[in-house]
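Reader: Could you walk me through this one? I have the coordinates open and would like to start with a single residue before looking at the whole.

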Amino acid sequence: MSLIADHAARRGGSTAVREGERGISYAELFGAARHLARRLAARNVGPGSVVAVALPSGIDAVTALLGVLMCGAAYCPLDPPDAPFTARLLEPASPALVLTSSAHATRFADRQCLLTDPPHADPQSPVPPARPSAAPACVIHTPTERLELTHAALSSLVTSTQHPRFALDPVGAEITRTLRTLAAGAPLTLP
């Protein structure tokens, strides 16, 4: 996170993420992620918490990844269109809440949800400083197993060339690619 924060501070106007015709700068992305981290912290989400993220691939999903990591929680991606598979994954994930858009919120009516799309007042909750720790950073559930990576391990993965089992999983590889690209200060291009 510190490398991404550095890019936001030094080259804030540079494009961080491109999604079709839409783009967001490093400063905008970091600001949106920090705002989300404050919203999560205001709901007592932090280290040791799991946040299930049910958003389609795009700028909002990248913002969610960074915001969840900033507040110290674990990011658990879900595939919103695959409702039966997503429902089976929610129970073992035990998320503190589901981060989603209003378009998908009805699928999670039995869960506490935090919506990404309506305008939100800026909570004054402080964002805990991002420090590599032993708390989970990413939790991925496959049909056969649970892959978990700590904040410290994720930090090492982003800055190294090693490819542990996490980075070989398709979802883990996408998370790794996203974070490595942003940590390098390059623009992330999404379909």
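**A residue, a helix and the whole**

Author: Leu3 is partly exposed, its relative accessible area being 39%. Please keep in mind that the model is predicted.

Reader: OK, and which helix does Leu3 lie in?

Author: Leu3 belongs to helix H1, which covers residues 2-10.

Reader: What does Leu3 touch, leaving out residues up to four places away in sequence?

Author: With those sequence neighbours set aside, Leu3 touches Thr159 and Ala183. In addition, Leu3 and Ala184 are 7.6 Å apart in space, C-alpha to C-alpha, although 181 residues separate them in sequence.

Reader: Switching to H5, which of its residues are buried?

Author: Helix H5 runs over residues 151-159, and within that stretch His151, Leu154, Leu157 and Val158 are buried. These four lie on the same side of H5, because they cover an arc of only 120° around the axis.

Reader: Now the whole protein: how many helices and strands?

Author: The secondary structure of the protein comes to seven helices and nine strands.

Reader: And what share of the residues counts as buried?

Author: Of the protein's 191 residues, 48% count as buried. As for the surface, the protein exposes about 9200 Å², and carbon and sulfur atoms supply 54% of that area.

Reader: Last one: what part of the contacts comes from residues 24 or more positions apart?

Author: Taking the contacts in the protein with a separation of 6 or more, residues 24 or more positions apart account for 62% of them.

Conventions
Residues are numbered from 1 along each chain as its sequence is written. This is a predicted model: local features need pLDDT of at least 70, side-chain atom pairs count only at pLDDT 80 or more; totals for chains, interfaces and linings use all residues. Side-chain values use heavy atoms; hydrogens and water are left out. Buried means under 20% relative accessible area, exposed over 50%, partly exposed in between (1.4 Å probe, protein chains only). Helices (H or I, at least four residues) and strands (E, at least two) are DSSP runs, numbered from the N terminus. The arc is that of the directions from the helix axis to the C-beta atoms. Contact means heavy atoms within 4.5 Å. Accessible areas come from the Shrake-Rupley method with a 1.4 Å probe; for residues, only the protein chains shown count as cover.
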